[in-house]
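Biologist: I would be grateful for a close look at a single part of this model, followed by an account of what surrounds it. Please state the cut-offs of each term as you use it.

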Amino acid sequence: MLFCVIAATLTLGACLAVLLPLIGGIKGGPAAADHDLEVYRDQLAELGRDVARGLIHSAEAEEARAEIGRRILRLAAAESSAETKRSTRVTQFVATVAVLAIPLVSWGLYGKLGSPALPSQPLAARFANSPTNSSVDALIARAEAHLAANPADGKGWDVLAPVYLRLQRFPAAVTAYRNAIRLNGSSAARQTGLGEAIANAAGGIVSADAQAAFQAALTLDPANAKASFYLAMGLAQEGKRAQATAAWQKMLETLPPDSPWLGAVQQALGQAAEPSVAAEAPVNGPDAQQMEAARQMPQQDRQAMIETMVAGLDSRLKQNPRDLQDWMQLIRSYAVLGKPVQARDALSRALAAFGAGSDEARKFTAFAVSLGVTATE
């Protein structure tokens, strides 16, 4: 209510500020122009009769005629001014109507389309509820609450799925992509995202479900580089090295020079050309057999064993960062444990220790690619 009173007062003040100069106008009224003109004509006729009777000299008569002429001219000017006044009054009337119509129309529209009964909200509360001031977790929580209440909102699942993938919430990303495909239909981007989420949820293993998603993406978009790369990686993980090499080689020939996948393909080909690289990872730290044995232990004991061995290996590398084989073992350990963030961090530290352009760095990247690990997102 207070808002309406303030708004009405301000509107009235603004209208008066415009109307007062208009309704004041130009004061005064027109003279009796027709009567005055008739008087001046009678004076001219009388002056002519006086000259004819010899009552006034010719020079004086000319001066009198000149003076009467000047008065007639002033009368004509007064008539023109009166006409201008009448035109000004019409303009004033139109402007007044327009000024009064603006608040009436605007308030009518606001009463019809606006929300005059909406309660006021403090400025601090509006800032607190603004999406720009919310954290990523808060925004995701809002989206999740919305989708819980509206599970058929395909656009919401479409937005949330890649966010889950970037935040490495892979199982949630799988669910979101499946819902987006079910509600919005299949697309190359959705199928590729689904395959990537499935592969990352499995610790970088391109399973049959992931391969099906990538294959569906390629059916919709044969030039999809991500789907092609992951399918080739799946072939390599199955031991089909020749087929994987052929797939990567085909990508290398067709990718544009500025493709972000060019470097990954070259690394994968380098690793495929040196099949002994993967076997170079030594037994310092947990090897594959130890990791498998740990999986058979009770959860608490298994976790303690794995964390102890991996932490010890990581500690040794901090003291001696020039050990090529230990870095490979650490990367593989994190990959097997399904910790892609730590695996990428280990790969980045290994590259920094030997230099990005070194032969060791090339081996690191090729070995990591075979595990589904890259130095960047």
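Modeller: Ala, Val, Leu, Ile, Met, Phe, Trp, Tyr, Cys and Pro count here as nonpolar, Asp, Glu, Lys and Arg as charged, and the others, Gly among them, as polar. The model is predicted, and local features therefore need pLDDT of at least 70, side-chain atom pairs pLDDT 80 or more, while totals for chains, interfaces and linings use all residues. Residues are numbered from 1 along each chain as its sequence is written, and side-chain values use heavy atoms, with hydrogens and water left out.

The part chosen is the second largest pocket, whose lining comprises 10 nonpolar, 5 polar and 2 charged residues. A pocket is an open set of points on a 1 Å grid over the protein atoms alone where a 1.4 Å probe fits, with protein on both sides within 12 Å along at least five of seven lines; lining residues have an atom within 4 Å of a point. Among the 17 lining residues, Leu 218, Pro 222, Ser 228, Lys 250 and Met 251 lie nearest the centre of this pocket. Helix 9 (208-220), helix 10 (225-237) and helix 11 (241-254) each supply at least two residues of the lining, and helix 10 gives the largest share, 6 residues. Helices are DSSP runs (H or I, at least four residues), numbered from the N terminus.

Met 251 leads from the pocket to the largest nonpolar core: of its 41 residues, Tyr 177, Leu 194, Phe 214, Phe 229, Trp 248, Met 251 and Val 265 touch the most other members. The helices that each supply at least two residues of this core are helix 5, helix 6, helix 7, helix 8, helix 9, helix 10, helix 11 and helix 12 (262-273). Such a core joins buried Ala, Val, Leu, Ile, Met, Phe, Trp, Tyr and Cys residues through side-chain atoms within 4.5 Å; buried means under 20% relative accessible area, exposed over 50%, partly exposed in between (1.4 Å probe, protein chains only). Apart from the largest core lies another, of 22 residues, including Ala 335, Ala 346, Phe 354 and Phe 364.

Tyr 177, counting heavy atoms within 4.5 Å as contact, touches Ala 161, Pro 162, Leu 165, Ala 189, Arg 190, Gly 193, Leu 194 and Ala 197, residues up to four places away in sequence being left out. Arg 190 also forms a salt bridge with Asp 158, their closest N and O atoms being 2.8 Å apart; a salt bridge places a side-chain nitrogen of Lys or Arg within 4 Å of a carboxyl oxygen of Asp or Glu. Because Arg 190 belongs to helix 8 (residues 188-201) and Asp 158 to helix 6, the pair ties together parts that are 32 residues apart in sequence. Arg 190 is buried at 15% relative accessibility, whereas Asp 158 is partly exposed at 26%.

The structure holds 6 salt bridges, and another of them joins the side chains of Glu 144 and Arg 169 at 3.1 Å, N to O. Glu 144 lies in helix 5 (residues 136-149) and Arg 169 in the loop between helix 6 (154-166) and helix 7 (170-184), so this pair ties together parts 25 residues apart in sequence. Glu 144 is partly exposed at 28%, and Arg 169 is partly exposed at 34%. Gln 168 also sits in the loop between helix 6 and helix 7; although not a glycine, Gln 168 has a positive phi of about 65 degrees. Most residues other than glycine have a negative phi.
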